[in-house]
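Good morning, and thank you for the time. I should like to take the group through one model, part by part, with the first-year members in mind.

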Amino acid sequence: MTRRILTAAILIPIVLASIFYLPRPAFLVLMDLILLLTLWEFLNLVSKNGATAYWLTAPMVLGLPWVWAYAERWVLGYFIATILLLLVSCVFQTRDMKTGFASVAGNVLALIYLGVPLSIAGLLQKDYAKELLLILVTIWMTDAAAYFAGRLWGRHKITPKISPGKSLEGYLAGFLAAALTVPLYAHFLLPSWRISAAIITGVVLGVFGTMGDLFESVLKRGAGIKDSSNLIPGHGGMLDRIDSLLFAFPSYYLLRMSLLAS
């Protein structure tokens, strides 16, 4: 617990300074650094299920935030081209035919699961830094509420095969924290928001953030590991730290395109 608190105390100020003070190119470099670390952890994880990393995956995934930030109209084309190239890589890099499907699925998933969310974070940082911070704060509060409520009152285990330490009480506390955090944050920092939009946003982030955490747990249980790596003291790997955000960023992006932009 002490190591978790100390690590968070160090990382949170760095994250805040990065969001509000780094110029866009520097922030995209930071996103690429996080992408590189999570990509290494993710490909190591899926390799335990027989997947092989393609040499083309890393440069194509790392290039996505830059294309999305500076040439947004080319994103769909870049996405299609990357998937085609990864499918072609399967033809040339597969030695054991039994691993072909797992390999191409793992490499394509890296683009979707890692590249898309962190590209959205890079997109938000330039013009919507307060909204980017909103997502982070909401997920932090959701995780904290679920963790402490689960330790204090957790009795009913509803996902024992995926995440045996999580409880219904913890999940409910996390959802409630998300639903309350967004309206409170919006009241002070996003005063133009309607209260209904803020509540809906909180619910969406709470639900999808939790799903992101559980999705990574499915991958780790399948691979037979507890943490994606030992990179961050007391927290596991980089993927363990941002698993909720990998679902929260895309869900917020879609919500903003529909509800918040209307």
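A salt bridge, in this talk, is a side-chain nitrogen of Lys or Arg within 4 Å of a carboxyl oxygen of Asp or Glu. The structure on the screen is a predicted model. With that rule, five salt bridges are counted.

Let me begin with the pair Lys-220 and Asp-240. Their closest N and O atoms are 3.0 Å apart, and the two residues form a salt bridge. This pair connects distant parts of the chain, since Lys-220 belongs to helix α8 and Asp-240 to helix α9, which covers residues 238–242. Along the chain the two are 20 residues apart. Are these two residues buried or exposed? Both Lys-220 and Asp-240 are buried. They also have company: Glu-216, Lys-220 and Asp-240 are linked in a network of salt bridges.

Beside this network we find Ser-228. This serine is placed in the loop between α8 and α9. Its relative accessible area is 6%, and Ser-228 is therefore buried, because buried means under 20%. If we set aside residues up to four places away in sequence, Ser-228 touches Glu-41, Glu-216, Lys-220, Gly-237, Met-238, Leu-239 and Asp-240. With one of these, Glu-41, there is a polar contact from side chain to side chain, at 3.0 Å.

A second salt bridge joins Asp-213 and Lys-166, with an N to O distance of 2.4 Å. Here too distant parts of the chain are linked: Asp-213 is in helix α8, whereas Lys-166 is in the loop between α6 and α7, 47 residues apart. The two partners fall into separate classes of accessibility. Asp-213, at 16%, counts as buried, while Lys-166, at 29%, counts as partly exposed.

For contrast, please look at Lys-126 and Asp-127. They too form a salt bridge, the closest N and O atoms being 3.4 Å apart. Lys-126 is partly exposed at 48% relative accessibility, and Asp-127 is exposed at 53%. The boundary between these two classes is 50%, so the two residues are named differently.

Now to the loop between α6 and α7, where Ser-167 is also found. What is its relative accessibility? The value is 2%, so Ser-167 counts as buried. Apart from neighbours within four places in sequence, its contacts are Gly-150, Gly-154, Arg-155, His-156 and Lys-157. The C-alpha atom of Ser-167 is separated by 8.9 Å from that of Ala-149, a residue 18 places away along the chain. In addition, the side chain of Ser-167 reaches the backbone nitrogen of Gly-170 at 3.1 Å.

Gly-170 brings us to helix α7, in which it is one of the buried residues. Others buried in α7 include Glu-169, Tyr-171, Thr-181, Pro-183 and Tyr-185. Against what do the buried residues of α7 pack? They pack against α6, residues 129–153, and against α8.

We may also check the length of this helix. Helix α7 runs over residues 168–189, which is 22 residues. The expected span is 1.5 Å times one less than the number of residues. For α7 this gives 32 Å, and the end C-alpha atoms are 31 Å apart, so the two values agree.

The same check can be made on α8. That helix has 29 residues and reaches 42 Å from its first C-alpha to its last, close to the 42 Å expected. Just after α8, Gly-224 takes a positive phi of about 75°.

Helix α8, residues 195–223, starts with Ile-195. Ile-195 is exposed, at 56% relative accessibility. This residue takes part in a nonpolar surface patch of about 490 Å², together with Ile-199, Val-203, Val-207, Phe-208 and Met-211.

Phe-208 leads to my last residue, Ser-251, in helix α10, which covers residues 245–260. Ser-251 is in contact with Val-204, Leu-205 and Phe-208, leaving aside its neighbours within four places in sequence. Its relative accessible area is 8%, so Ser-251 is buried. Where does its side chain find a polar partner? A polar atom of that side chain lies 3.1 Å from the backbone oxygen of Phe-247.

Let me close by returning to the beginning: Lys-220 in α8 and Asp-240 in α9 are joined by a salt bridge across 20 residues of chain, and both are buried. Thank you for your attention.

Conventions. Residues are numbered from 1 along each chain as its sequence is written. This is a predicted model: local features need pLDDT of at least 70, side-chain atom pairs count only at pLDDT 80 or more; totals for chains, interfaces and linings use all residues. Side-chain values use heavy atoms; hydrogens and water are left out. Helices (H or I, at least four residues) and strands (E, at least two) are DSSP runs, numbered from the N terminus. Buried means under 20% relative accessible area, exposed over 50%, partly exposed in between (1.4 Å probe, protein chains only). A polar contact is a pair of N or O atoms within 3.5 Å; within protein, one must be able to donate a hydrogen and the other to accept it, and residues adjacent in sequence count only if both atoms are side-chain atoms. Contact means heavy atoms within 4.5 Å. Patches are made of residues with over 30% relative accessible area and no salt bridge: like charges are joined within 9 Å, nonpolar side chains (Val, Leu, Ile, Met, Phe, Trp, Tyr) within 5 Å. Accessible areas come from the Shrake-Rupley method with a 1.4 Å probe; for residues, only the protein chains shown count as cover.
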